[in-house]
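Colleague: Please take me closely through one part of this model, the second largest cavity, and then work outwards from there. I would like to know what lines it and how the surrounding pieces fit together.

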Amino acid sequence: MKTHAQAVVIGGGLVGCSILYHLAKLGWSDVVLLERDELTSGSTWHAAANIHGLHDNNNITRIQHYTMNLYKDLEKETGQGCGVFQSGSLYLAQTEEREHQLRLQAAKAKFYGLNFHEVSREEAKELHPLARFDDVRCIMFEPEGGNVDPSGVTMAYAAGARAMGAEIERFCPVIGTDQQPDGSWIVRTTKGDIHTQWVVNAAGLWGREVAALAGLELPLQPTEHQYFVTETIDEVARLGRRLPSIADRDGEYYFRQEGNGFLIGAYERDMRFWAENGTPLDFAHDLFPDDLDRIMDNVIRATERVPCAETAGVKRVINGPMIWSPDSNALWGPVPELRNYFLCGGIIPGFSQSGGLGLLSAQWMIDGEPRYDMFAWDLARFGDWADKAFTKARVRDQYANRFAIHFPNEERSAGRPARVRPAYEMQREMGCVFGMNCGWEHPLWFADTPGITDGNGFTRQNWWEPVGREARMLRENVGVIDISNFANYVVKGPGAHGWLEALVANRVPTGIGRSCLTPLISVHGGVAGDFTITKTGEDSYMMVGSGMAERYHQRFFNMVALPRGTTFEVATNRIAGFNVAGPRSREMLQRLTNADLSNDAFRFMRSRSIEVGGVECLAIRVSFTGDLGWELHCAEADQVRLYAALLAAAAECDGGPVGGRALGALRIEKGYGSWGREYSQEYWPQEVGLDGLIKLDKEFLHKSAYLAIKDNAPRERLSFFEIDTDHDADASGGEPIFTPDGQSVGRVTSGAYGYSVGKSLAIGYANPRVAGPGDEVEVMILGLPHKARILAAPAFDPKGARLRG
């Protein structure tokens, strides 16, 4: 066995073997995989192994499409059969909302050049003559959909990796992972130790146990999951061809051909956890006792769809374990708190995603960053607030609602609240409807009476009017927005200025009371983040960034060594904040402070420590609404006192509380981008309009990467869209954009109704070689073409007069 390696992959299931294969394919042949038992042990061997290309997340769609196309290439490359059956998949919509979802996915498929299109009931009947479609509103067909052989695919990855020089050690349990002072690792096994630069935890059901060896606790929880295979059915055997699978998510089951019978599975509401306190080390190719009664309601709906299955005998039942993250997406990426420790766990649709997971994992380790923005999978989206109770509650909800639609703006309540501020109860009593951001409960909108819940759907919901009242109130008078879900960082010491200068691309203020907006540059020259940096003292700074990216950004902060005597603090837990904005915000705040807030005394992008309502605050004249306003940052212990004072003063100026939904609409009116939507490492600064904030007369993190792409013509440009909508719906993000003659233009990243301008608006990316300002385009809201125009400037206050007034 090797004693040294570039990377050690722990876990010989589907994903571990894919990562090994892709590491070798991208040039790292000095790699080894360790498997405690036989390859495919755990969840891989008993998986139903269905494959499909479409996903609500655009980038996940791209990597699922890559995975589906990879399997046949793997067979040719390795000679190992993958058992690929691509007889197609029929996607059924029984409800209007499901029809909206499928039509939107069909529009995305057209944009990405994928084969996913609508068929009539008659065409569906020709494809699957044994099924009933009379109750279906809409049917989509994916010709490349189907299934693969779990063991065949895994062995093909393993064979391909071995052929490129990688090694695999079976029956080799890992018993320790010890980080060395230089950041490398010693992986200890029952067969000896391996010194490696990278540890890859792809241990699947044992991911928690392997993580614990490095001192990590992961938000993962296994469950039982059942499907069964029928005996031969004469009607199937007589057809002499393979039938397409049926994806009837409204019926809450999955259904495909297996041999001359059917495979039927379900995610039942009466679910079962397994191994809550740890996965048994002697578990391998094991199953649980059958419990088909739990899924019989789902099975009945499946046999109503295909009646000949109703009387078929059951050939075998599979009741095996799966391991879930709190949102059923992969838990993936380098652990920010450790050097060179990569995690890939909690993968549910593994056979649709294994190739993409392996490719992007290898890119991240070898190149320093994946090519796509995959924050939806990034383990950094969870922190230590995602404890066992939260994880179990969310996994229960995710399992039981596996086939439920994830609507735009939807906020599920399971496991909440996880983190609250002192003002939480006060806001709840005011009728606040909360969302969750990085675990924090934060106001989305304020209902007239407490106890109101969010409506969910693709069309305008019950919150559309009250959110509009909040937005108009702020634009006309003043609003108070809780921004305590923003991430706050404090840097102090003699090297504070130098460290920040070396980190970000803009010049960092040298004068106390001055602020700057600055991008953070990614490994390949894209936009890793955007921050407001304020000099608060002789050797101290406060930096404000995206709340949900707090742990993600820690990776970049760790890339620049702190000078001796300088400290960096993640201060989010101890700092709360409010944004007071609107044309009467100066008048309102002046009632609460003796500080001079006049434009001459307190200009835009300036800051000062002032007392507001008896509370000491750092006041920064900036506002994400695009209106006149101040951010007020205070100690968390003072939050309720400050909030009460602000709301009382706001009421005297015909203002009041404003939630995150209204803030989203206001920033879209102003054309402000947001990290995770408009800004990510995928986009170059010149594409998002941040290149003017980059100063090349200084050194900063990844400057050379930026210099390599700075003169490239934008592939796409961040653009603003005004949309004609007659379907009581607005864009929300992800909708493709086409020219009237069907040419691809780009896609929406954020959308909302602009209440103060009276227009449906969107921000997104447009290919400048296809369409630009003034051109008419079509935005696929609800998957249907809606006429739109590309604006030359944001819809609200394009010259910034309100912001600086």
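Modeller: Happy to! First, the classes we need: Ala, Val, Leu, Ile, Met, Phe, Trp, Tyr, Cys and Pro count as nonpolar, Asp, Glu, Lys and Arg as charged, and the others, including Gly, as polar. Please keep in mind that this is a predicted model.

With those classes, the lining of the second largest cavity comes out as eight nonpolar residues, one charged residue and no polar ones. The lining residues are Ile668, Glu669, Phe720, Phe721, Leu761, Ala762, Leu791, Pro794 and Ala795. Three elements give two or more residues to this lining: α17 (660-670), β32 (717-723) and β35 (759-766). The space they surround has a volume of about 40 Å³.

Of these elements, β32 is a good one to follow outwards. Six of its seven residues are buried, so β32 is largely enclosed by the rest of the structure. It pairs with β35 in the antiparallel sense, over seven bridges, and in that pairing Arg717 has Ala766 of β35 as its bridge partner. β32 is also joined to strand β37 (residues 784-791) by four bridges, again with an antiparallel course. Here Phe721, which you met among the lining residues, stands opposite Ile790 in β37.

Following the chain out of β35 brings us to Asn767, which sits in the loop between β35 and β36 (776-781). Asn767 has a relative accessible area of 19%, so it counts as buried, the cut-off being under 20%. Setting aside residues up to four places away in sequence, Asn767 touches Arg715, Glu716 and Val745.

How does this compare with the other enclosed space? Searching the whole structure turns up two cavities of 30 Å³ or more. The largest cavity also has a volume of about 40 Å³, but its lining reads quite another way: three nonpolar, three polar and two charged residues. Those residues are Gly53, Leu54, His65, Met68, Leu114, Asn115, Glu142 and Glu144.

Pockets, unlike cavities, are open. The second largest pocket has a volume of about 860 Å³. It is lined by 36 residues, and the closest to its centre are Glu217, Pro219, Gly383, Asp384 and Ala386. The elements giving two or more residues to that lining are α6 (207-212), α10 (388-400) and α14 (550-557). By class, the pocket lining divides into 15 nonpolar, nine polar and 12 charged residues.

Next, the packing. In soluble globular proteins, nonpolar side chains tend to be buried together. In this model, the largest nonpolar core holds 71 residues, and the members touching the most others are Trp499, Leu500, Leu503, Ile533, Met543, Tyr552 and Phe557. A second, separate core has 47 residues, among them Leu14, Tyr21, Ala161 and Ala202. Back in the largest core, Tyr552 touches Phe375, Asp378, Ala380, Ala528, Trp675 and Gln681, with residues up to four places away in sequence left out.

Ala380 makes a handy reference point for Cys308: the two are 72 residues apart along the chain, and 47 Å separates their C-alpha atoms. Cys308 belongs to the loop between α8 (296-305) and β16 (314-324). Despite its place in a loop, Cys308 counts as buried because its relative accessibility is 14%. Beyond its neighbours within four places in sequence, it is in contact with Leu130, Ile233, Glu235 and Phe262.

Finally, here is another strand arrangement to set beside β32, this one built around β11 (residues 192-201). Strand β1 (residues 4-10) runs parallel to β11 and is joined to it by six bridges, with Ile10 standing opposite Asn201. Strand β10 (residues 185-189) pairs with β11 in the antiparallel sense over five bridges, where Arg188 stands opposite Asp193. These two strands form a hairpin, with two residues between them. Strand β18 (residues 341-345) pairs with β11 in the parallel sense over three bridges, and Leu343 of β18 is a bridge partner of Asn201. Asn201 therefore has a bridge partner in β1 as well as one in β18.

Conventions: Residues are numbered from 1 along each chain as its sequence is written. This is a predicted model: local features need pLDDT of at least 70, side-chain atom pairs count only at pLDDT 80 or more; totals for chains, interfaces and linings use all residues. Side-chain values use heavy atoms; hydrogens and water are left out. A nonpolar core is a set of buried Ala, Val, Leu, Ile, Met, Phe, Trp, Tyr and Cys residues joined through side-chain atoms within 4.5 Å. Buried means under 20% relative accessible area, exposed over 50%, partly exposed in between (1.4 Å probe, protein chains only). Contact means heavy atoms within 4.5 Å. On a 1 Å grid over the protein atoms alone, a cavity is a set of points where a 1.4 Å probe fits but cannot get out, and a pocket is an open set with protein on both sides within 12 Å along at least five of seven lines; lining residues have an atom within 4 Å of a point. Grid points are joined across faces, edges and corners, and a volume is the space filled by probe spheres set on the points.
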